[in-house]
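This report describes a protein–DNA assembly for a reader working from the coordinates. The sections below take up the nucleic acid surfaces, the relation between the copies, the cysteines and one core residue.

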Protein chains: 2
Amino acid sequence: MSTPRRMTLKDLARELGVSTATISNAFNRPDQLSPALRERILGEAKRLGYRGPDAKARSLRTGRSRIIAVVLAESLTYSINDAVASELLSGIAEVLDAHGHTLLLLSARQMRSELPGAASMADGYIVYGLMPSQDLLEPLPPQSPLVAVDFDVEGRPSIHVDDEPACYAIARHALSRRARRPAIINLRLTAEPCNGPIGADRRLLSADQTITRSRLSGFYRALAEAGHDPAGVPMWNVEENTFEVCAPVLEALLDLPEDERPDLLLCMSDRIALTALTLAERRGLRVPEDLRLTGFDGIAEGQYRAPRLTTVRQDSVEKGRMAARMILGLIEPRSHTLTTDLWLGDSCP
Amino acid sequence: MSTPRRMTLKDLARELGVSTATISNAFNRPDQLSPALRERILGEAKRLGYRGPDAKARSLRTGRSRIIAVVLAESLTYSINDAVASELLSGIAEVLDAHGHTLLLLSARQMRSELPGAASMADGYIVYGLMPSQDLLEPLPPQSPLVAVDFDVEGRPSIHVDDEPACYAIARHALSRRARRPAIINLRLTAEPCNGPIGADRRLLSADQTITRSRLSGFYRALAEAGHDPAGVPMWNVEENTFEVCAPVLEALLDLPEDERPDLLLCMSDRIALTALTLAERRGLRVPEDLRLTGFDGIAEGQYRAPRLTTVRQDSVEKGRMAARMILGLIEPRSHTLTTDLWLGDSCP
DNA sequence: TTCGCCATCTGGATCGATTCAGTTAGCTCG
DNA sequence: CGAGCTAACTGAATCGATCCAGATGGCGAA
């Protein structure tokens, strides 16, 4: 006889001899009916195994699903297994949960012309770190709220940290002690994959990823100020902010003959810097004596290792909270730039 | 004047002079109408800006939402920023996406008596690594499919790896070279938090987390076989599989006087072992000469560092794929145990 | 010619709630 | 006493699709 059809609000109304509107009110608007009746309804509901109004029906009727979709750049593996992204997500989840919403996870590669499954029914979209040039946002319902994190979308609010000044500051600090041969290790520049050294032709101007461009621009400013020709400073690219992708690139760099090997690495993330640290130690290079390193993000691991990482601390949890509040309409949707702190560690004293 | 009301299937039908059923078929059942008409409908739909059938309405009518919820133990911060969990998630996402489903993320702490927001409308639930004793699953709709990963739920399919034999094998290998003072570092044992050394009273029998119990039991078997009294082997607990939570515990352990300090650490995860490795190096302890280490999971980072980690490799991506296939009904829902590989590295040769 | 069949298309009931515009009863107040 | 008001509750339309049970027409076979 299969399943005995889930009990509906109407069944419960019939059972209790009241109208469906009253049942609905008992669940959603306590002030619309007498406490006594409400008690009786909720009690009977529990007794009869009615599990509350059906979410699918409610979302059709009200037009709201209580789902917020988070669109992550790249694959989920990459985006999720990353201290920064996971802090962002937990900040988002914290606020959503406190307001009865849930989080749908989408990766950029799912942004085909038609959104998969239920993605189109989200009440809003938080989009994290896409490349502006890839126009992946077209399939999103144009009317729904959208907040961009770490990049910009024309006409939409976005949340950033002060990447440029922060990178200027950390690079300035690093260059206050003379560097014979500084180098920049940067995160993905463009949609086109590229691991390894980058020629001057494919640099700042072509940088598509917003944070990469801002951070780079901060580094350049400090380098120029310190008397280096930014265009002449070696730059190496890593496609993904993971140990396994960074490692080969950094190994190639560290295996350069001593007179070509950089003595200062301005890294665009702590993950890169920590990978460099691990690989340097393995080669018997001393940090900071033989190699100085700066990071970005301020992830916990960087502060536990010896030497402690010199880095820029950003509060990704707060970034997530703010994005969520904005998408829920708890604060005015308007672009924000959060501040960061310079953490002087031992990797670049 | 607000928004000019989203165009509906009915509007499109009127516009084209066909029935709504035909429009619906054009989108969902191409074989139910002539190719020519279908062409015309899809063309006109695009021209008029009709973005396809509304997901909310569809899910009410069909009873399916195309959403699969993944319930993660603990907070999202902890669960997500973990190589194993993120591999699991990406395996799940890969399969879901290929079949037009999307992934809703829930944390165990959201499992209150009423599921938040749209969580109750999921078509199925994949639950990861909860403690069986905390009965968090009660709020889930009892009829919907459920797959448990890394633990068991009465009467439901689950997916495991062969924790016990794998841990037996790696401990047996580790103990084949005489250990003066082995110790076990294990993941959370019970719902009640506990970081640090654990007395014999709160051990195997009280272990609530399924994988902890299985792994521990494998270690015990090998220890007993090697002539150690398992109950006498020091055991230290870490609450979370993160650098920042493991570090203080391991620091306390490594700072013991030399004659009390373990010379072999059987760790329940690579994260623990890698943290131990980092902290040991910082103290000038040589691995494996002064301290031997084994891990579990086979995460990438462990194979890049020197010394390479001796560990048990499990395929978490495949675990995720299998869970997703099961929940979508692509394979028979039945408990599975995946096999693992022993990877002999240099941390415990 | 007539019958049956298939391909194609249609009408309308239905999914399970929410919500708005009432209705009723009880109470207050001049 | 009766008008007016409010609190408490109701009936029915509605959200936007899906999908069953037909209706229609054209074509081939007997």
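## The surface near DNA strand D

Of the atoms of DNA strand D that lie within 4 Å of the protein, 68% are sugar or phosphate atoms, and the rest are base atoms. The model is predicted. Around DNA strand D there are 27 residues, and those that come nearest are T22(A), L9(B), S24(B), D54(B) and R61(B). By class, this surface comprises 10 nonpolar, 11 polar and six charged residues.

Several polar approaches to the phosphates of DNA strand D can be listed individually. An N or O atom in the side chain of T22(A) is 2.6 Å from a phosphate oxygen of the strand. For D54(B), a backbone N or O atom is placed 2.7 Å from a phosphate oxygen, while R58(B) brings a polar side-chain atom to 3.1 Å from a phosphate oxygen. Two or more residues of the surface near DNA strand D come from each of helix 2 and helix 4 of chain A and helix 2 and helix 4 of chain B.

## The surface near DNA strand C

DNA strand C is likewise surrounded by 27 residues, of which L9(A), S24(A), D54(A), R61(A) and T22(B) come nearest. Sugar or phosphate accounts for 68% of the atoms of DNA strand C within 4 Å of the protein, and bases account for the rest. The residues near this strand divide into 10 nonpolar, 11 polar and six charged.

The phosphate oxygens of DNA strand C are approached by side-chain and backbone atoms. The side chain of N28(A) has an N or O atom 2.9 Å from one phosphate oxygen. A polar backbone atom of D54(A) is 2.7 Å from a phosphate oxygen, and a backbone N or O atom of S19(B) is at 2.9 Å from a phosphate oxygen. Helix 2 (20–28) and helix 4 (55–62) of chain A, and helix 2 (20–28) and helix 4 (55–62) of chain B, each contribute at least two residues to the surface near the strand.

## Relation between the two chains

Chain B is superposed on chain A by a rotation of 180° with a shift of 0.1 Å along the axis, at an RMSD of 0.1 Å. The two copies are therefore related as by a two-fold rotation axis. Within chain B, L104(B) has the C-alpha nearest the axis, at 2.2 Å. Both copies use the same surface, since 100% of the contact residues of chain B recur in chain A.

## Cysteines

How many disulfides does the structure hold over all chains? The count is zero. The sulfur of C167(A) has its closest cysteine sulfur in C267(A), 11 Å away, which is too far for a bond. For C267(A), the closest cysteine sulfur is that of C246(A), and the distance of 8.6 Å is again too far for a bond. C167(A) is buried, with a relative accessible area of 0%, and C267(A) is buried with a value of 0% as well.

## V70(A) and its surroundings

V70(A) belongs to strand 1 (residues 67–72) of chain A. This residue is buried, with a relative accessible area of 0%. Setting aside neighbours within four places in sequence, V70(A) is in contact with L89(A), I92(A), L103(A), L104(A), L105(A), L106(A) and I126(A).

V70(A) and Y125(A) are separated by 55 residues in sequence, yet their C-alpha atoms are 5.8 Å apart in space.

Technical notes
Residues numbered from 1 in each chain as written. Chains lettered and ligands numbered in written order. Predicted model: local features only at pLDDT ≥ 70, side-chain atom pairs only at ≥ 80, totals over all residues. Heavy atoms only, no water. Near = heavy atom within 4 Å. Polar contact = N/O pair within 3.5 Å; in protein donor to acceptor, adjacent residues only side chain to side chain. Helix = DSSP H or I, 4+ residues; strand = E, 2+ residues; numbered from the N terminus. Nonpolar A, V, L, I, M, F, W, Y, C, P; charged D, E, K, R; others polar. Least-squares fit on C-alpha atoms with pLDDT ≥ 70 in both. Contact = heavy atoms within 4.5 Å. Disulfide = S-S within 2.5 Å. Buried < 20%, exposed > 50% of the residue type's maximum accessible area, 1.4 Å probe, protein only.
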